[in-house]
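Dear colleague,

Please find below the structure that I am handing over to you. I would be grateful if you could read the notes beneath it alongside the sequence.

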Amino acid sequence: MRYSLIIPVYNRPDEVAELLESLRAQDYSDFEVLIVEDGSSIPCSDVVARFGVAGTSLDHGTCSEAGTMDIKYFSKPNGGPGQARNFGAQRASGEYLVFLDSDVTVPAGWFEAMDAELSESPADAWGGPDRADESFTPVQKAISYSMTSFFTTGGIRGGKKKLDKFYPRSFNMGIRRDVFEALGGYSSMRFGEDIDLSIRIFKGGYRCRLFPEAWVCHKRRTDFRKFFKQVHNSGIARINLYKKYPESLKIVHLLPAAFTIGTAFLLLAGFFVHGAWFLLFLYALLLFCDSAWDYESWRIGLLSVVAAFVQLIGYGTGFLRAWWERCVKGRGEMEAFKTNFYK
């Protein structure tokens, strides 16, 4: 078996259906799919059964496989995405483990793109970028822009221009099975666990790089409120990673916090200093023009401005909150963020 695709799921049966449909449409066949239901209250067993699983009432640690795709379905108590991925990896048989989030779909030729990269130059681990699909809503396209644009994230999520080296993220990440086992898999972190693994890959001296053509369509969140919560937790995770690996904190990771403080200052200063708000307007105009040009839509351009400010301020406030709780007050991750990550 060449690839084992490991997909943790939590209350997303409709998205799992879209992902499995995109996998069924592939010409490539040397892969297996392991769906790990992580304590969902809305299970996807019925959905998975349509794509090849014979049994749909599955207890912890059992699986069934049949049909056109080699699919295994597992159900386990909730333990977070990292532990769900470890659970699947322990039951995988592929030479390479490929981790996908349940809210992605893969384009035609995705497996061939990974094979081509591995044939050209061996890699112990890799990651692929993400794009917005034509079927995405305008809000989802705007969120995708804010998470991938050089003008918002510095290109560190897979763009050709970037301010930091590429760290694979588990929405689209591959690794040799023996390397994964040697590193002990994902840590117990509930957020930032994929970057934690990427850091250990680099620290272990393994070959890791971006596969630019092995991209996926990533839905992320469907509205700005959910998106804010997601990126706020990502900001918290960055400080948690800093506490484990102080050398991992780079200037680019400080920019959203600086933007958050700067935005608050300019908004206040605008009441007293002529032109202070104009700086924010110029940045918003830059985002609007860039996104509207990319998507050929002024509406998505406007929504991208909102998404970018939500993304930067959400991450920045999470970062500052975690810095205060963990670096100033000295609290532990479990103590400081139990309601965020461990409820």
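The notes below concern strand 4 and then a separate topic, an open sheet.

This is a predicted model, in which local features need pLDDT of at least 70 and side-chain atom pairs count only at pLDDT 80 or more, while totals for chains, interfaces and linings use all residues. Residues are numbered from 1 along each chain as its sequence is written, and side-chain values use heavy atoms, with hydrogens and water left out.

Strands (E, at least two residues) are DSSP runs, numbered from the N terminus. Strand 4 covers residues 96-100, and five of its five residues are buried; buried means under 20% relative accessible area, with a 1.4 Å probe and protein chains only. In a regular strand, side chains alternate between the two faces of the sheet. In strand 4, Y96, V98 and L100 lie on one side and L97 and F99 on the other, and both faces are covered.

Two strands pair if DSSP finds at least two bridges between them. Strand 4 pairs with strand 1 (residues 3-9) in the parallel sense over four bridges, and V98 is the bridge partner of L5. Strand 4 is also joined to strand 8 (residues 172-176), antiparallel, by five bridges; here L100 stands opposite N172.

The open sheet has three strands in the order 5-10-7, with mixed pairing. Its edge strands are strand 5 (104-105) and strand 7 (130-131), each pairing on one side only. Strand 5 pairs with strand 10 (residues 216-218) in the antiparallel sense over two bridges, where T105 stands opposite C217.

With kind regards

How values were computed:
Buried < 20%, exposed > 50% of the residue type's maximum accessible area, 1.4 Å probe, protein only.
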